[in-house]
Amino acid sequence: MFDILICDAHLYLDRDWEIAGGWIAIEKNRIHSAGGPGQPRPEARRVINAQGRLVTPGLVNAHHHMFQNLTRAYAPIARSGLFQWLQQLYPLWSGLDEEATYVSSYISMVELLLGGCTTSTDHMYVHPRPGLMDAGFAAAYDVGLRFMSTRGCMTRAQENGGLPPAAVVQDEDTIMADCERVVAQFHDRAPGAMTRVALGPVSLFSASEQIMRDCLTMAERHDLRLHTHLAEDEEEDDYSLSVYGCTPTEHFERMGWATPRAWVAHYIYPSSSEAARLIRAGVSMVQCPSSNMMIGNGSADVMDLRERGMNVGLGTNGSATTDMASMWMEARNAMLLGRMRNGPASMVARDALDMATRGGAACLGWGDEIGHLRPGACADLVIWQDSPIAMAGALTDPVEAWLRCGPMMAGTTIVNGKVLVEDTHPLQPDLADALRRHAIQARRIQKLD
């Protein structure tokens, strides 16, 4: 007898594998099997009737900065570009401590679950105090989200030609010592892991060449993923040319980061030949559509990159640039941006869904276990909740309707075989207390008290 059986669903199990009116069985924390309406349903301790709704793999968030929800919709930066936005927020983020990091991570993770996300990374690059990585992992344990945290860092303060103030940067030795500690404590190499670690100097304009090389060496020694922002803003080109005498992509290559273990965020402004070189090197990228639009920074031509062979995932980015963390919204906006750029035939809902599942899993180097629902995969999935009014008339294609209609939210979210959202309600018992504590920390960080 299986643990959970979901039946009477439109199953999107993987790219090119869908079953209308099907069932899927979960045994412990793995997908055991799936079948169509003509195949006998196995017995299970719990049966969930999806009532014809869409079931997909849990979405994979390949880029996020969870602490930034402490400065959501912060009025003084509403009209700022990227560099100005960062310069105004860094002083506020210097107030981060373990409590602020824990509650911002907790709220981010619950919000992600409601948007159908079951695995998320977090690029934690501001470290004004020690122990902040530990707080993020503690939140992941308490919420139940599958979590790959990127130990980010900045070494170049304003007095050394960087953007951040000295209060939020660290020296290379301190960073690498903490990276070793975090990997030893939280990186689980076992199949079905709930926590893993990646390394990620934040960007070439805030990280030294030494820290880029040190992180590469450590990643190769421990077999870790590498992550950074790249070619995100046209000002980045000017900075790189003035400091390094080359483009951001060329600097990335000189640092030895053009490797299959690396994935980059945004990648909006490479030349065609630069993109071709990173594709050949096996580098993946993640698009954050809502952030691209909110900050007016342009967006990558992701369908072109995919067609040329690059793995492309989706991310919510920090809540301070998008002010929300819904992977459903990111998938919808990715589809809209793609169609706006290249026409209505260029991108459909299944392309965006593939980016949000298989694409994100590839970015995290986790494509064997997450991002699909083939037998043996981790039992991470979503039964989507639709509105009868919004879906009225959508009769021919439930996946297209998933992004064209809506808004959608997760009716049931299952991670590692455990139900974490049910009937659109998060099941975390400490959520009300976390919201209360988050409000206190957000007011403190924004200096409103």
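In the predicted model, the largest pocket holds about 270 Å³ of space. Of the 16 residues that line the largest pocket, Gly52, Arg53, Asp386, Met391 and Pro398 are the closest to its centre. Strand β14 (381–385) and helix α15 (398–404) each supply at least two residues of this lining, which divides by class into eight nonpolar, five polar and three charged residues.

The second largest pocket contains about 230 Å³ of space and is lined by 13 residues, of which His187, Arg196, Asp223, Arg225 and Gly365 lie nearest its centre. The lining of the second largest pocket comprises five nonpolar, three polar and five charged residues. One of the residues named here, Asp223, follows helix α5 and has a positive phi, near 55°.

Helix α5 itself spans residues 209–222, and its 14 residues reach 20 Å from the first C-alpha to the last, close to the 20 Å expected at 1.5 Å a residue. Within α5, the residues Ile211, Met212, Cys215, Leu216, Met218 and Ala219 are buried. The buried residues of α5 pack against two other kinds of element, namely helix α4 (172–186) and the strands β8 (146–153), β9 (195–201) and β10 (225–230).

Enclosed space was examined as well, and a search of the whole structure finds three cavities of 30 Å³ or more. The largest cavity holds about 160 Å³ of space, and of the 18 residues that line the largest cavity, Leu82, Leu86, Tyr125, His229 and Glu232 are the closest to its centre. Helix α1 (residues 82–93) gives the most to this lining, with four residues. By class, the lining of the largest cavity is made up of eight nonpolar, nine polar and one charged residues.

Turning to charged pairs, a search of the whole structure finds 25 salt bridges. One of them joins Asp433 to Arg436, with the closest N and O atoms 2.7 Å apart; both residues lie in helix α16 (residues 431–445), three residues apart, or about one turn of the helix. An α-helix has 3.6 residues a turn, so residues three or four places apart point the same way. Asp433 counts as partly exposed because its relative accessibility is 32%, and Arg436 is likewise partly exposed, with a relative accessible area of 47%. A further salt bridge is formed between Asp304 and Arg308, where the closest N and O atoms are 3.1 Å apart. At a relative accessibility of 28%, Asp304 counts as partly exposed, as does Arg308 at 31%.

A salt bridge is also found between Asp351 and Arg306, whose closest N and O atoms are 4.0 Å apart. This pair links distant parts of the chain, since Asp351 belongs to helix α13 (residues 349–363) and Arg306 to helix α10 (residues 302–307), with the two positions 45 residues apart in numbering. The two partners fall into separate accessibility classes: Asp351 counts as buried because its relative accessibility is 18%, under the 20% cut-off, whereas Arg306, with a relative accessible area of 22%, is partly exposed. Asp351 and Arg306 also belong, together with Arg15 and Asp354, to a network of residues linked by salt bridges.

Technical notes. Residues numbered from 1 in each chain as written. Predicted model: local features only at pLDDT ≥ 70, side-chain atom pairs only at ≥ 80, totals over all residues. Heavy atoms only, no water. Expected span 1.5 Å × (residues − 1). Buried < 20%, exposed > 50% of the residue type's maximum accessible area, 1.4 Å probe, protein only. Contact = heavy atoms within 4.5 Å. Salt bridge = Lys/Arg side-chain N within 4 Å of Asp/Glu carboxyl O. 1 Å grid on protein atoms, 1.4 Å probe; cavity = no way out; pocket = protein on both sides within 12 Å on 5 of 7 lines; lining within 4 Å. Points joined across faces, edges and corners; volume = space filled by probe spheres on them. Nonpolar A, V, L, I, M, F, W, Y, C, P; charged D, E, K, R; others polar.
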